[in-house]
Amino acid sequence: MTDAVRFDARPDGIAVITIDRPEQRNALTREVREGLRAAWKRFEGDDALRIAILTGSGDKTFCAGGDLKEMVETGMAVPPRDMFALPYDTIELSKPTIAAVNGVAFAGGWMIAQACDLCVASTEARFAITEVKVGRGSPWAAPLIHMIGQRIFMEIVLTGKPITAQRAYEIGLVNRLAEPGAVLDAALDLAREVLEGAPLSVRAARETVMLSTEMGRSAALAAARAAHEHMYNSQDAQEGPRAFAEKRKPVWRGI
């Protein structure tokens, strides 16, 4: 892992991954890309970590996007398929993720926030897919059609104009808003709420959401039933109802 990306493995099962290049507006330079790739792999490989939060250092910028200077210097045409470490796309992850957007999330910054399962944003954050402004493309934005309305999606990519955090919340891109300086705390609160659930149930629930975006109704139902079978046969599936009946907090074992 590079020093451009900090990794905090907390004892409560939450990993906090921080892009730490505020002087470069946390842009996706080679060093940051390599750091993120290592961070996501470390998170996936550590069984003690159940959820990750991705954020940026400072209070102005989450991530300003790709390194345009690098693109000019290398004469980059089509970016390599694995250039960016995107959760659930170019990086295989089986656990949930939260983007804690503390400031500007433009172009590649929007891309990595969009790739996470959930999003908490500062009320002063701004989001934009600015590629049309610099003659580049945003094929990674395609899954947005499952998150926001078609005409809103169309306006965002055709104009490249930023939207406010409030607007992002209204259209369903952001789950929760937080005051500036309190974004990470709000993301940690959301992460703890997820961690209250049984690990196998959370995993199956997440898989069901993703299946539903990729399949028709009947196929998604069949796949979701299969995804939940292991959970139903687990010890936790007996522990949950037992704890409820005994009026105590369940002790999840993830088995």
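These legends go with close-up views of a predicted model.

**View A. W40 sits among the best-connected residues of the largest nonpolar core.**
The largest nonpolar core has 50 residues, and W40, V101 and F127 are the ones that touch the most other members. Leaving aside residues up to four places away in sequence, W40 touches I17, A52, L54, A85, P87, I91, L93 and T97. There is also a second, separate core, this one of 17 residues, with I51, I98, A186 and A191 included. As a general point, nonpolar side chains in soluble globular proteins tend to be buried together.

**View B. W40 and F43 meet edge-to-face.**
Have a look at the two rings: the centres are 6.4 Å apart and the planes make an angle of 65°. Where do W40 and F43 lie relative to each other in helix α1? They are 3 residues apart in that helix (residues 30-45), so about one helical turn separates them. Buried or exposed, then, for W40? W40 counts as buried because its relative accessible area is 1%, under the 20% cut-off. F43 is buried too, at 0% relative accessibility.

**View C. W110 and F127 make an edge-to-face pair.**
Here the ring centres are 6.0 Å apart, with 85° between the planes. This pair links distant parts of the chain: W110 belongs to helix α3 and F127 to strand β8, 17 residues apart. Both W110 and F127 are buried. How many aromatic pairs turn up in the model by the rule used here? The count is 2.

**View D. Four strands form an open sheet, with helix α3 lying across them.**
Reading across the sheet, the order is β4-β6-β8-β9, and the pairing is mixed. Which strands are at the edges? Those are β4 (61-63) and β9 (163-164), each of which pairs on one side only. Strands β6 (residues 104-106) and β8 (residues 126-128) run parallel and pair over 3 bridges. If you want one bridge to pick out, F106 has A128 in β8 as its partner. Helix α3 (residues 108-115) lies across β4, β6, β8 and β9, and it runs at about 75° to β4. W110, from the pair in view C, is part of this helix.

**View E. K95 and R206 each lie over an aromatic ring.**
The charged end of K95 sits over the ring of F43, 4.6 Å from the ring centre. F43 is also the partner of W40 in view B. Elsewhere, R206 lies over the face of Y88, and the distance to the ring centre is 3.7 Å.

**View F. R25 has a positive phi without being a glycine.**
The phi of R25 is about 55°. Where is R25 found? Its place is the loop between β2 (14-19) and α1. R25 is partly exposed because its relative accessibility is 41%, which falls between the 20% and 50% cut-offs.

**View G. K247 is another non-glycine residue with a positive phi.**
For K247, too, phi is about 55°. K247 comes in the segment after α9 (236-245). At 80% relative accessibility K247 counts as exposed, since exposed means over 50%.

Key:
Residues numbered from 1 in each chain as written. Predicted model: local features only at pLDDT ≥ 70, side-chain atom pairs only at ≥ 80, totals over all residues. Heavy atoms only, no water. Core = buried A, V, L, I, M, F, W, Y, C linked by side-chain atoms within 4.5 Å. Buried < 20%, exposed > 50% of the residue type's maximum accessible area, 1.4 Å probe, protein only. Contact = heavy atoms within 4.5 Å. Pairing = 2+ DSSP bridges. Helix = DSSP H or I, 4+ residues; strand = E, 2+ residues; numbered from the N terminus. Axes fitted to C-alpha atoms, helices over the stretch in contact; angles between N-to-C directions. Phe/Tyr/Trp six-rings, centres within 6.5 Å; stacked < 30°, edge-to-face > 60°. Lys NZ or Arg CZ within 6 Å of the ring centre and 35° of its normal.
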